[in-house]
Amino acid sequence: MTEQQRILVVGAGMAGVRTAVGLRERGWRGRISLLGAETHRPYDRPPLSKALLLGTADGSAFDVDFEGLGIELLLGRHAVALRPAERVVVTAEGPEPYDRLVLATGAEPVTLPGTEGLPDVHLLRTLDDAAALRPVLEQRRDVVVVGAGWIGAEFATAAREAGCAVTVVEAADRPLAGALPAEVAARTAAWYEEAGVRLLTGAAVASVAPGEVVLADGTGLTAGAVVVGIGARPATGWLAGSGVELGPDREVLADDRLRTSVPGVWAVGDCASFPSARYGTRLLVHHWDNAMQGPATAAANVLGGDEVYDPVPYFWSEQFGRFVQYAGHHSPGDAAVHRGDPDGAAWSVCWLRADGTLSGLLAVDRPRDLVQGRRLMERGAALDPERAADPSVQLKNAAL
């Protein structure tokens, strides 16, 4: 590449910002443009469900000197199409040519059918979403949360802290049904009751009207506001017809160097999956740490490198006074080894493959387990199941 060429990064969230900064850190002196759909200066998302929602912080803009780094910000620009033959990203405001392109458009929340345009029905994905929800908490309205996943639990935590009456409705038979095995996820149900949150599982929403949510069994719930947290999908609709290969969840199918099926185009963060040799499967990771780690590989490879991306995935959530962390990627056939009393304040679960290799770890208020377990996974270590099950033994000392 020559310094007259332009690298265009589409998506101004964590993955996009880190990629743009990473290009500069690796010595690229040519033009870098960062295109974002929102008009706000790029910001971090985790505070949206915590400090920003509760009004204890005014913003979460990245501490990045874009002007000083020579990174051009193209904000309020919606990408609507990609024309690889012309090397152009089409936006609603006009075409943006590129020499090399990085897709970092993230994910968009799944909406609840029939609620589009209804007042007091909210999502929580953007800064504007958080701003719209702050009056709900300030006014202590009765809130119905649809979905007992990570975001639903985090919002319910904030709403209870603000003094709202909260009901969480989950179609599955337990919280976190899509994230954790039944015997582990079921333990979290008690957390809701302890926090004063009404949890209704096996409860599908039939309809939503101003002030009320009606369940499939006819139960009516008073709702001063409804917050929908039923998942997210990669924001890739604009790539239709571009030749960029998409997977079953509409994610960009990147390779282990984060290259897409189109030459000169890479993908990183929530919008892309990648093949993991470590876990023997393709991973689609919708978590902050993936958006932090992937850009280093993407930036290096855009500039001609040949780095492989195969991290140990990591995620955390603060809910109902607990710090919940997960690292790795376990399979249904992996054996669960429990550390500590599941009814106590702190416990962990390790998942071991048939050969004893640690594949995944969930830690509830046991951060040391998480740190040590993540290191063990990075080096592919196997554990002694008996020692791993003893919470008095440091996890690193259970390695074989």
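Guide: Before we look inside, one rule of sorting: Ala, Val, Leu, Ile, Met, Phe, Trp, Tyr, Cys and Pro count as nonpolar, Asp, Glu, Lys and Arg as charged, and the others, Gly among them, as polar. This is a predicted model, where local features need pLDDT of at least 70 and side-chain atom pairs count only at pLDDT 80 or more, while totals for chains, interfaces and linings use all residues. Residues are numbered from 1 along each chain as its sequence is written, and side-chain values use heavy atoms, with hydrogens and water left out.

Visitor: What makes the lining of the largest cavity divide into its classes?

Guide: Its residues are F274, V285, H287, D289, N290, Q293, Y309, P311, P313 and Y314. Phe, Val, Tyr and Pro count as nonpolar and Asp as charged, so the split is six nonpolar, three polar and one charged. Helix α8 gives the most, with three residues; a helix here is a DSSP run (H or I) of at least four residues, and a strand one (E) of at least two, numbered from the N terminus.

Visitor: Why is this space called a cavity?

Guide: Because, on a 1 Å grid over the protein atoms alone, a 1.4 Å probe fits at its points but cannot get out; lining residues have an atom within 4 Å of a point. The volume is about 50 Å³, meaning the space filled by probe spheres set on points joined across faces, edges and corners.

Visitor: How many charged residues line the second largest cavity?

Guide: None: the lining has six nonpolar, three polar and no charged residues. Among those lining residues are L258, A267, G269 and N290.

Visitor: What makes the space lined by M14, R18 and F62, among others, a pocket?

Guide: A pocket is an open set with protein on both sides within 12 Å along at least five of seven lines. This one, the second largest, has a volume of about 170 Å³, and α1 gives the most to its lining, with six residues.

Visitor: How do you know that β5 and β6 pair?

Guide: Pairing needs at least two bridges found by DSSP. Four join β5 (residues 88-91) to the antiparallel β6 (residues 94-97), so they pair. The two form a hairpin with two residues between them.

Visitor: What makes a nonpolar core?

Guide: Buried Ala, Val, Leu, Ile, Met, Phe, Trp, Tyr and Cys residues, joined through side-chain atoms within 4.5 Å; buried means under 20% relative accessible area (1.4 Å probe, protein chains only), exposed over 50%, partly exposed in between. The largest such core has 68 residues, and V89 and W238 are among those with the most contacts inside it. Apart from it lies another core, of 41 residues, including L52 and F155.
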